[in-house]
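Reader: I have a model to look at and some labels to check. Can we go through them one by one?

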Amino acid sequence: MKTITERLRVPGAFLLGAVLLLGIAPVALSDFRLSLLAKYLCYAIVAVGVSLAWGRGGLMVLGQGVFFGLGGYAMAMHLKLADAADTGEKIPDFMQLYGTSDALPWWWKPFANPAFALAMTVLLPMAVAALVGFLVFRRRVKGAYFAILSQALAAALSIWLIGQQATTGGTNGLTDIQGFFGYSLDDPVNQRMVYFVIAAVLLLLMALARQLFVSRYGELLVAVRDSEERVRFLGYDPANVKLVAYVVAAGMAGLAGALFVPAVGIISPALIGIVPSIGFVIGAAVGGRASLVGAVLGAIAVAWAQSTLSDEFPAAWTYLQGLLFVLAVGFLPGGLASLGTVLRRRRTPATPKEEKVVVMAGEAA
Amino acid sequence: MSGLSISRRGLLYGASALGASAALTACGAKTGSGTSSDAGAKADTSGSTVKVGLLNSLSGTMAISEVTVHNSLLLAVKEINASGGVLGKKLKPISQDGASDWPTFAEKAEALIKDDKVVATFGCWTSASRKAVKPVFERYKSLLFYPVQYEGLEESPYIFYIGATTNQQIVPALDYLKKQGLTRLYLVGSDYVFPRTANKIIKAYAEAKGMKVVGEDYAPLGSTEFSTIVNKVKGAGADAVFNTLNGDSNVAFFKEYKSAGLTAKSLPVLSVSIAEEEVKSIGTQYLEGQLTAWNYYETTPGAANKKFVAAYQAAYGKDKPTSDPMEAAYISLYLWKEMVEKAGSFDVAKVKAASDGITFDAPEGTVTVDGASQHVYKTARIGKVGSDGLIEEVWNSGKPIKPDPYLKGYSWASALS
């Protein structure tokens with residue numbers, strides 16, 4: 001039997017998060033700080049997916065930039081088209097400058113429809129992940145090979161986008177976004193609205209991920225991570241189990257990218273390549289990839305540290321970021337979220353079997 | 001797949017979160033309504049000092065170039081403060097690191113305007129970083145002074161473009177090549193906005209003026225693999241190479257170029273992104289005799305330049321070269337000072353209104369601000385790399401050229417924008 005406090009722990013934590021994000025932060029922070037927090041929360045949304053795919057599923061997802069970018073570009077393409085329509089132009093501003101013709105490329109056209117563009121921010125990354133995952137997991141590619149493949153994909157997409165200057169804005173990416181579904185982003189009130197949407201989406205996805213974690217599927221996913229062969233002998237197909245985690249994580253990254261666009265006002269190949277893709281997992285690794293709250297707080301903390309520390313120590317930040325990643329992976333694989341468990345274990349040496357149980361329970365939050 | 005059971009409670013959490021946020025969300029101005037609620041950030045001019053923002057990449061791949069610009073901005077601030085400041089107020093430089101990352105540039109620009117309440121910002125190097133900060137400066141009606149030559153086709157009301165636009169660098173360079181009888185060009189560039197736009201202009205020029213582009217190749221930014229491109233260049237029967245490569249790629253390109261037996265005599269290369277600083281890092285032996293196009297060289301004659309070079313080397317080291325973007329950054333602060341003093345106010349609208357016709361005796365020669373385009377009249381200078389690593393001028397346009405960012409005054413360019 002669970003005690004009352006145990007039963008209230010999860011809803012209580014959720015409520016606390018909701019009050020902090022939706023109640024206190026908007027009052028306590030200036031417009032500028034709140035817009036920074038909105039950006040960090042986008043990274044946190046990616047971290048929710050990383051926590052699922054990497055933390056629970058053991059998939060080294062080092063190419064989340066691809067999905068973040070697909071979602072971001074899908075959203076930005078719609079917003080650019082809406083801006084152009086507002087000013088009476090047929091094609092977005094950068095196409096007039098760098099383009100070769102006055103006609104909109106065919107693959108831009110459907111993004112003028114807001115419903116289509118919104119759906120694509122999630123479905124397009126999921127479809128790409130499904131295709132990649134289907135090919136990769138079937139062939140039992142895993143570990144470092146999967147990580148390298150993810151990175152190659154991220155590099156390829158960013159190079160392709162840079163090459164298509166006339167239709168994607170090249171290195172500049174899609175910038176100078178004026179409106180968000182009819183609301184002017186110049187208005188601080190609307191910037192706040194964007195923040196609330198992002199915070200709500202984060203909470204929603206955390207709730208969804210937590211339900212996945214504690215469901216039978218969540219247990220199966222952990223089982224696949226810890227012993228894929230045994231799961232196979234039990235009659236499950238590990239490829240399908242991994243595929244679901246990978247696709248869901250991609251959808252979350254896509255949604256994060258889509259929300260990043262109105263929050264920051266830009267999406268560019270610089271947010272998609274290898275370095276940002278590694279950046280997406282560092283926060284989760286530091287905070288604790290298997291713990292949902294750890295991953296989310298880690299992502300927010302690392303992004304915040306980057307903004308603050310890079311002011312004081314511009315040259316040192318990159319090294320510090322790398323060091324954090326190495327330390328977390330090498331010495332604290334469970335991240336900061338597991339610190340308590342690790343220390344407790346040190347103090348009271350337990351038999352290996354019990355240890356495993358302790359770790360699992362500690363990670364379940 | 002079995003076991004995908006989402007409990008009702010989970011959905012309840014989510015729904016309540018959405019509901020709560022919807023309740024908290026008030027909707028602001030619609031697009032195009034023109035009533036954005038006082039978005040202009042007020043610069044703080046109340047104290048005895050005013051803050052100026054310096055926005056450069058102090059870390060990341062662009063740091064090697066942008067730190068030199070940052071240094072000359074600091075030098076100008078120091079000099080201006082030593083001579084009494086601006087409107088009696090001392091300048092306090094606030095440095096922010098753009099970290100060679102475009103969204104970071106946007107974030108830091110906002111920090112400078114909203115947190116530090118700077119009166120003006122100086123910096124950015126790459127076009128991508130400028131495009132990223134442009135909406136921020138426009139939203140808050142704050143000024144950016146941009147010190148680097150660029151691809152033109154832009155006129156933001158809140159940016160002053162102190163570097164050359166295309167008709168002050170690329171077009172004169174083409175005129176020069178044509179005059180030398182070098183009419184068959186091979187275009188080599190890094191894959192980003194500036195080279196692609198520059199090459200579009202070059203192709204339009206070539207077509208109209210009887211020149212011929214015999215090849216065009218792009219390498220990814222930072223690429224160091226050039227054997228294929230150099231072999232293609234060698235076999236294309238070109239008279240000259242027009243080089244818009246940026247950064248490290250130049251090192252690999254020119255090494256490969258030399259080892260393929262190509263020289264400044266047999267097949268000259270005209271570069272638009274190689275200044276004194278880059279000559280040093282590529283190696284003079286690879287570049288000797290090759291051509292460059294800029295508006296300023298360390299060797300440009302005149303008392304103003306002598307003073308600038310001496311002051312820079314006194315502050316940062318005897319062996320430190322000065323370059324075009326550094327000079328443009330340095331004069332951008334002086335031009336802003338002149339504008340503010342003419343306006344008698346730090347107010348952005350008044351400073352903009354006062355900008356037209358401001359002249360300054362710059363190290364590159366006399367420059368004049370064109371108020372309509374917020375660009376600067378500049379003299380184009382073609383240079384040749386000498387054996388000492390410095391660049392000697394071989395030709396100049398004689399007088400400052402009026403900036404024409406959209407190339408409206410050139411009939412052959414009518415199809416470009």
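**Labels and the values behind them**

Author: Start with helix α12 of chain B, residues 324-343, which lies across β3 (120-123) and β4 of chain B and runs at about 165° to β3(B). Keep in mind that this is a predicted model.

Reader: Which sheet do β3(B) and β4(B) belong to?

Author: An open sheet of 5 strands, in the order β2-β1-β3-β4-β5 of chain B. The pairing is parallel.

Reader: What makes β2(B) and β5(B) edge strands?

Author: β2 (90-97) and β5 (159-161) of chain B each have a single partner strand, so one side of each has no neighbour in the sheet. Neighbouring strands here are turned by 25° against each other on average, direction ignored.

Reader: How do you know that β4(B) and β5(B) pair?

Author: Count the bridges. Pairing needs at least two. Strand β4 (residues 144-146) of chain B is joined to β5(B) by 3 bridges, and the two run parallel. F145(B) has F160(B) as its bridge partner in β5(B).

Reader: What is the order of the sheet with 7 strands, and how is it paired?

Author: The order is β7-β6-β8-β9-β10-β14-β15 in chain B, an open sheet with mixed pairing. Its edge strands are β7 (212-219) and β15 (391-396) of chain B, as each pairs on one side only. The twist averages 25° from one strand to the next.

Reader: What makes the pairing "mixed"?

Author: Compare individual pairs. Strand β6 (residues 184-190) of chain B pairs with β7(B) in the parallel sense, over 7 bridges. There V188(B) has D217(B) as its bridge partner. β10(B) and β14(B) pair in the antiparallel sense, over 4 bridges. In that pair L291(B) stands opposite K384(B). Both senses occur, and the sheet is mixed.

Reader: How many bridges join β9(B) to β10(B)?

Author: 2, and the strands run parallel. The cut-off is at least two. The pair therefore counts, with 2 bridges against a cut-off of at least two. S271(B) stands opposite T292(B) in β10(B).

Reader: What makes β10(B) covered on both faces?

Author: Look at the side chains by face. L291(B) and A293(B) are on one side, T292(B) and W294(B) on the other, and all are buried.

Reader: Why is V385(B) called buried?

Author: V385(B) lies in strand β14 of chain B. The cut-off for buried is 20 or more other C-beta atoms within 10 Å. V385(B) has 24 C-beta neighbours inside 10 Å, so it counts as buried.

Reader: Which residues does V385(B) contact, leaving aside its neighbours within four places in sequence?

Author: V279(B), T284(B), L287(B), E288(B), G289(B), Q290(B), T292(B) and I391(B). Take L287(B): it is 98 residues from V385(B) in sequence, yet 6.4 Å away in space, C-alpha to C-alpha.

Reader: Which helices pack on this sheet?

Author: Helix α6 (residues 193-209) of chain B lies across β6, β7 and β8 (240-244) of chain B, at about 165° to β6(B). In helix α5 (residues 170-179) of chain B, the buried residues are I170(B), V171(B), P172(B), A173(B), L174(B) and L177(B). They pack against α6, β8, β9 (269-271), β10 (291-294) and β14 (381-385) of chain B. After α5(B) comes G181(B), with a positive phi near 80°.

Reader: On to chain A. Why are α2(A) and α12(A) called roughly perpendicular?

Author: The axes of α2 (residues 31-56) and α12 (residues 274-287) of chain A come within 9 Å and cross at roughly 75°. The range for that label is 65 to 115 degrees. The two helices are therefore roughly perpendicular. By class, their contact has 8 nonpolar, 3 polar and no charged residues.

Reader: And why is α3(A) oblique to α11(A)?

Author: The axes of α3 (residues 64-86) and α11 (residues 238-264) of chain A come within 6 Å and cross at roughly 40°. Roughly parallel means under 35 degrees, and roughly perpendicular starts at 65. The angle fits neither, so α3(A) is oblique to α11(A). The crossing is right-handed. The residues of this contact divide into 14 nonpolar, 6 polar and no charged.

Key: Residues are numbered from 1 along each chain as its sequence is written. Chains are lettered from A and ligands numbered from 1 in the order in which they are written. This is a predicted model: local features need pLDDT of at least 70, side-chain atom pairs count only at pLDDT 80 or more; totals for chains, interfaces and linings use all residues. Axes are lines fitted to C-alpha atoms, for helices over the stretch in contact, and angles run from 0 to 180 degrees between N-to-C directions. Two residues are in contact if their C-beta atoms, placed from the backbone, lie within 7 Å. A residue is buried if 20 or more other C-beta atoms lie within 10 Å of its own, exposed if 12 or fewer, and partly exposed in between; C-beta atoms are placed from the backbone. Angles under 35 degrees count as roughly parallel, over 145 as roughly antiparallel, 65 to 115 as roughly perpendicular and the rest as oblique. A crossing is left-handed if the near helix is turned anticlockwise from the far one by less than a right angle, and right-handed if clockwise. Ala, Val, Leu, Ile, Met, Phe, Trp, Tyr, Cys and Pro count as nonpolar, Asp, Glu, Lys and Arg as charged, and the others, Gly among them, as polar.
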